[in-house]
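Here are my comments on the model you sent round, set out as numbered points. Please read them with the sequence and the coordinates open.

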Amino acid sequence: MLNLLTSPRAARTVRGLIGTLIETAADAVRSIAPATPAATEPVVEEAPDPAGTYEADEMPEVDAIEAAAAEYERAADQARRADRGKRAARKVLDRLPAGIYGTWRIFRTPSSRQTPDLAEITRIFKAHGLGPVPMKACAPSLKVERAAAADEPAAAAVAAFAA
């Protein structure tokens with residue numbers, strides 16, 4: 001709704017302010033959370049496996065898993081490069097008024113996507129003494145990285161599990 005009532009520049013400014021407020025709140029929470037000792041290497045927290053993972057008798061061959069992981073990594077890298085290209089192009093296109101430019105028609109359509117207004121929700125919670133706004137964790141992200149060559153025993157264990 002914000003985009004329908006304001007100019008794109010004002011909408012970006014408001015979104016930036018909201019992002020700053022959320023960032024400040026997150027910093028405040030981090031400042032009162034118990035500090036963990038600094039480690040030499042960051043510890044990657046792993047989420048539990050989701051429901052519906054392969055059973056031992058359903059496991060695909062290691063070659064198929066390696067091919068899928070390589071394809072996923074390639075596609076993710078390609079998507080990141082495409083996102084960077086889109087952001088660079090939008091810097092020019094966002095400032096153009098609607099119209100026809102050469103063989104391209106530039107126009108805008110209203111978005112059907114909505115997001116909760118966290119500032120307003122927080123205000124309502126405070127006004128009614130309901131405590132902090134309840135939050136839930138997002139779904140875990142799938143990460144794919146090439147295993148180090150030193151992990152040969154781990155690869156043998158996976159192969160033995162698949163067999």
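1. M135 lies in the loop that connects α4 (118-127) with α5 (152-162). The model is a predicted one, and in it M135 has a relative accessibility of 65% and therefore counts as exposed, the threshold for that class being over 50%. Together with I18, I22 and L118, the residue M135 makes a nonpolar surface patch of about 350 Å².

2. A second residue of that loop deserves a remark, since K143 is likewise found between α4 and α5. With a relative accessible area of 71%, K143 is classed as exposed. Its C-alpha lies 9.5 Å from the C-alpha of A69, although K143 and A69 are separated by 74 residues in sequence.

3. As to the overall layout, the protein has five helices and two strands, and these elements follow one another from the N terminus in the order α-α-α-β-β-α-α. What share of the 163 residues counts as buried? The figure is 2%, where a residue must have under 20% relative accessible area to qualify. The accessible surface of the protein amounts to about 15,000 Å², and carbon and sulfur atoms contribute 61% of that area. Among contacts in the protein with a separation of 6 or more, 36% join residues that are 24 or more positions apart.

4. How many salt bridges does the structure hold? There are five, and I comment on some of them individually in the points below. As general background, side chains of opposite charge can pair when their charged atoms come close.

5. One of the salt bridges joins R74 to E71, with 2.6 Å between the closest N and O atoms. Both R74 and E71 belong to helix α3 (residues 62-93), where they are three residues apart, a spacing of about one turn of the helix. Neither partner falls in the buried class: R74 is partly exposed at 42% relative accessibility, and E71 is partly exposed with a relative accessible area of 40%.

6. Helix α3 also carries the salt bridge between R80 and D77, for which the closest N and O atoms are 3.8 Å apart. A colleague checking the criterion may wish to note that the cut-off for a salt bridge is 4 Å, so the R80 and D77 pair, at 3.8 Å, is counted as one. Because R80 and D77 are three residues apart in helix α3, about one helical turn separates them. R80 has a relative accessible area of 45% and is partly exposed, while D77, with 32%, is partly exposed as well. Beyond this pair, D77, R80 and R81 are linked in a network of salt bridges.

7. In helix α4, what is the distance from N to O in the salt bridge of R123 and E120? The side chains meet at 2.5 Å. R123 and E120 are three residues apart in the helix, which means that about one helical turn lies between them. R123 is partly exposed with a relative accessible area of 46%, and E120 is partly exposed with 33%.

8. Turning to the aromatic side chains, the structure holds zero aromatic pairs. A ring does, however, take part in another arrangement: the charged end of R105 sits over the ring of F107, at 4.0 Å from the centre of that ring.

9. F107 appears again in the surroundings of A98, a residue of the loop between α3 and β1 (99-101). Not counting residues up to four places away in sequence, A98 touches I106, F107 and R108. For A98 and R108, the C-alpha atoms are 7.3 Å apart in space, with the two positions 10 residues apart in sequence numbering. A98 nevertheless has a relative accessible area of 57% and is classed as exposed.

10. My last point concerns I65, which is found in helix α3. Is I65 exposed or partly exposed? At 32% relative accessibility, I65 counts as partly exposed. When neighbours within four places in sequence are left aside, I65 is in contact with M59 and P60.

Note on methods:
Residues numbered from 1 in each chain as written. Predicted model: local features only at pLDDT ≥ 70, side-chain atom pairs only at ≥ 80, totals over all residues. Heavy atoms only, no water. Patch = residues over 30% accessible without salt bridge, like charges linked within 9 Å, V, L, I, M, F, W, Y side chains within 5 Å. Areas by Shrake-Rupley, 256 points an atom, 1.4 Å probe, with all protein chains shown as cover. Helix = DSSP H or I, 4+ residues; strand = E, 2+ residues; numbered from the N terminus. Buried < 20%, exposed > 50% of the residue type's maximum accessible area, 1.4 Å probe, protein only. Phe/Tyr/Trp six-rings, centres within 6.5 Å; stacked < 30°, edge-to-face > 60°. Lys NZ or Arg CZ within 6 Å of the ring centre and 35° of its normal. Contact = heavy atoms within 4.5 Å.
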